[in-house]
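Thanks for coming. I have one structure to go through today, and I will put it on the screen before I start.

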Amino acid sequence: MELSSLQELYIEELKDLYSAENQIIKALPEMIKAASSKQLQAGFGRHLEETKTHVKRLEEIFDKLDTSPKGKKCKAMEGLLEEGEELMEEDASPEVLDAGLIAAAQKVEHYEIASYGTVRTYAELLGDQEAAQLLQETLDEEDETDKKLTELASNINLEAVHGDGGRRSGDGRGGSRRRSA
Ligand code: FE
Ligand code: FE
């Protein structure tokens, strides 16, 4: 494929995200089923609904570009989600599996944060303020999700350390604390 302009690269990156988001929509229900913590289940559930909005925003942007969002598979997301599936097949205790699900979900969020930051900047450079605004909204939601996962990890990691819900000693914050890409 020939990529001779930033506009073309922008569209390729948007297609990659469209594929990534659709893969996430398929994966989250399984992660909800696999999670034991009610809070984690609820967090995944909320983000599933947000992710559907992310797809809609991308469709809106493609509509204005008069281009189809289809035709590209995000191999990075495929790999990240495959690792999550492998984890769910392990014979893990509930607390440890929850900790692992948070780790997997944060890798997904960080990929999205990096990608949305990039396309938001491209949209600005290309003079499309409307698209930049939509992409920024999604970026903010991904960032917020990442932070909530870190908060959940502070309890769940401790439960995984003690194996039985002991949450009083120490600081279990092993979830990624990185705030944005
Ligand atoms: Fe998303
Ligand atoms: Fe996300």
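**Helix packing and the iron site**

Helix 1 and helix 4 are roughly antiparallel to each other (angles under 35 degrees count as roughly parallel, over 145 as roughly antiparallel, 65 to 115 as roughly perpendicular and the rest as oblique), because they pack at an angle of about 160°. Their axes are 10 Å apart. Axes here are lines fitted to C-alpha atoms, for helices over the stretch in contact, and angles run from 0 to 180 degrees between N-to-C directions. Helices themselves are DSSP runs (H or I, at least four residues), numbered from the N terminus.

Some ground rules before going on. This is a predicted model, in which local features need pLDDT of at least 70 and side-chain atom pairs count only at pLDDT 80 or more, while totals for chains, interfaces and linings use all residues. Residues are numbered from 1 along each chain as its sequence is written, chains are lettered from A and ligands numbered from 1 in the order in which they are written, and side-chain values use heavy atoms, with hydrogens and water left out.

Back to helix 1 and helix 4. Their crossing is left-handed (the near helix is turned anticlockwise from the far one by less than a right angle; clockwise would be right-handed). The residues of that contact divide into 18 nonpolar, one polar and five charged. For the classes, Ala, Val, Leu, Ile, Met, Phe, Trp, Tyr, Cys and Pro count as nonpolar, Asp, Glu, Lys and Arg as charged, and the others, Gly among them, as polar.

Next, helix 2 and helix 4. Their axes cross at roughly 20° and come within 13 Å, and the two helices are therefore roughly parallel to each other. This crossing is left-handed. From helix 2 the contact uses L40, F44, H47, H54 and L58, and from helix 4 it uses D98, L101, I102, A105, E109, E112 and Y116; contact means heavy atoms within 4.5 Å. By class there are seven nonpolar, two polar and three charged residues in it.

How do helix 1 and helix 5 lie relative to each other? Helix 5 covers residues 129–162, and it packs against helix 1 at an angle of about 40°, with the axes 14 Å apart. The two are therefore oblique to each other. Helix 1 passes helix 5 in a left-handed crossing. On the helix 1 side the residues are Y10, L14 and E21, and they meet A131, L135, T138 and E142 in helix 5. That contact has four nonpolar residues, one polar and two charged.

Now the metals. Which residues donate to the iron ion (ligand 1)? They are E21, through two OE atoms, H54 through ND1, and E112 and E142 through OE, at 2.0 to 2.4 Å from the ion. Donors are N, O and S atoms within 2.8 Å of the metal (3.2 Å for Na, K and Ca), and water is not among the atoms, so sites may look incomplete. The spacing of these donor residues in sequence is E-x32-H-x57-E-x29-E. E21 in helix 1 (residues 6–34) and H54 in helix 2 (residues 38–65) are 33 residues apart, so this pair links distant parts of the chain. Both E21 and H54 are buried (under 20% relative accessible area, with exposed over 50% and partly exposed in between; 1.4 Å probe, protein chains only).

For the iron ion (ligand 2), the donors are H47 (NE2), E109 with two OE atoms, E112 (OE) and E142 (OE), lying 2.0 to 2.6 Å from it. Their sequence spacing is H-x61-E-x2-E-x29-E. E109 in helix 4 (residues 94–125) and E142 in helix 5 are also 33 residues apart and link distant parts of the chain. E109 counts as buried because its relative accessibility is 3%, and E142 counts as buried at 0%. The two iron ions are 3.3 Å apart, and E112 coordinates both.

Two single residues to finish. E95 is found in helix 4 and counts as buried at 18% relative accessibility. Leaving aside neighbours within four places in sequence, E95 is in contact with I156, E159, A160 and G163.

D66 lies in the loop between helix 2 and helix 3 (75–89). Its phi is near 60°, a positive value in a residue other than glycine. Most residues other than glycine have a negative phi. At 74% relative accessibility, D66 counts as exposed.
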